[in-house]
Amino acid sequence: MLQSLAGAVLLGIFVSQLDLSEIAALARRATMTPLILALFLYGLDFYLRAVRFWMLLEAVSGRPVPLRAVPGPFIASFGISDLLPLRAGDIFRLAWFQRSMGLPASSVLGAMLIERFYDLSALLLLGGVLFASHLGTATGLTAALGLLLGFMILARLAALIAGRTPTPSGASVARGWKGRIVDGAWATLRSFAILRSSRRQGLFLLLSLTCWILEAGLFLGAWISLGGAIGQWAPAMAAFTASTLGTLVPGLPGHFGTFELFGLAMFRLAGVDRNFGAAVLMLAHLLLWAPTALYALVWLATARRGRHSGQAADQPDGTLR
């Protein structure tokens with residue numbers, strides 16, 4: 001309740017700064033070709049995110065996981081969070097992969113935490129490179145390499161700590177549910193031990209950077225569609241980074257309000273017209289929100305119907321054979 005109230009307040013602050021009639025006029029002039037390309041990049045982005053999560057599940061659990069079974073519930077989990085409060089999609093993802101694939105909850109949770117670690121690392125790295133590019137060629141390259149080295153050291157440190165966590169003991173299990181919670185927490189932390197491999201670190205970081213670049217392409221598509229110049233991409237990318245980091249602030253489902261408010265602040269710092277920047281943010285957010293939300297509704301309805309059909313097929317029909 002408090003989270004939604006805070007989000008509503010932030011959304012109200014954002015809307016109060018705008019001339020909605022001018023934004024509507026800008027929206028009517030939007031061109032479709034950049035938006036179609038943007039949606040294609042977004043679809044590719046989510047497929048690669050699903051592949052990354054599949055790789056994490058296999059690495060953390062040590063079990064084979066069929067790739068074809070991952071993208072559906074993975075993408076649906078994002079749509080559920082876009083529609084329901086309190087990161088409901090994360091709870092759904094944890095429960096789905098635990099129950100439908102027989103994976104330990106600690107393995108699924110560990111894979112999700114590593115996923116978030118690399119998402120945040122890649123996003124900060126992109127933002128840092130963008131900022132460093134304004135400092136000059138040599139200085140910017142040095143800063144970017146410094147950020148990259150810092151993330152690699154942090155990942156290795158997390159792996160070393162994970163390797164020193166205690167393993168479950170009979171004594172802790174005997175303590176009942178408290179012991180199981182403790183063991184589950186340690187098991188989740190041990191998931192980070194997979195990052196001892198430098199090759200795996202580099203692969204996950206490369207995949208994460210690729211995903212965020214593709215998603216930034218969607219934002220750039222909204223910018224170009226509304227008349228923004230392709231050559232002036234830096235303000236759009238800076239606003240994208242600020243908006244995405246802004247979604248870390250608790251708010252409404254779908255991050256409405258937080259996404260726009262932080263992005264608009266960055267647009268204003270870059271000297272972009274307030275209403276034009278707001279129109280880009282609103283269009284980009286619609287492109288980010290609607291596909292996953294609609295996909296979740298369709299996937300959940302299809303999965304539920306398929307489950308009921310399977311249950312009906314298992315019931316005897318009373319015919320003598």
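Q: Leaving aside neighbours within four places in sequence, which residues is Leu195 in contact with?
A: The model is predicted: local features need pLDDT of at least 70 and side-chain atom pairs count only at pLDDT 80 or more, while totals for chains, interfaces and linings use all residues. Residues are numbered from 1 along each chain as its sequence is written, and side-chain values use heavy atoms, without hydrogens and water. With contact meaning heavy atoms within 4.5 Å, the partners of Leu195 are Ile114, Tyr118, Ala155, Arg156, Ala159, Gln201 and Phe204.

Q: Which helix gives the most residues to the largest nonpolar core?
A: A nonpolar core joins buried (under 20% relative accessible area, 1.4 Å probe, protein chains only) Ala, Val, Leu, Ile, Met, Phe, Trp, Tyr and Cys residues through side-chain atoms within 4.5 Å. The largest has 67 residues, and Phe53, Leu195 and Phe219 have the most contacts inside it. Helices are DSSP runs (H or I, at least four residues), numbered from the N terminus. With ten residues, the one that gives the most to this core is helix 6.

Q: At what angle do the axes of helix 6 and helix 10 cross?
A: Axes are lines fitted to C-alpha atoms over the stretch in contact, and angles run from 0 to 180 degrees between N-to-C directions. The axes of helix 6 (residues 105-132) and helix 10 (residues 198-225) come within 9 Å, and the crossing angle is roughly 65°.

Q: How far apart are the end C-alpha atoms of helix 10?
A: The expected span is 1.5 Å times one less than the number of residues. For the 28 residues of helix 10 this gives 40 Å, which agrees with the end-to-end C-alpha distance of 40 Å.

Technical notes
Helices (H or I, at least four residues) and strands (E, at least two) are DSSP runs, numbered from the N terminus. Buried means under 20% relative accessible area, exposed over 50%, partly exposed in between (1.4 Å probe, protein chains only).
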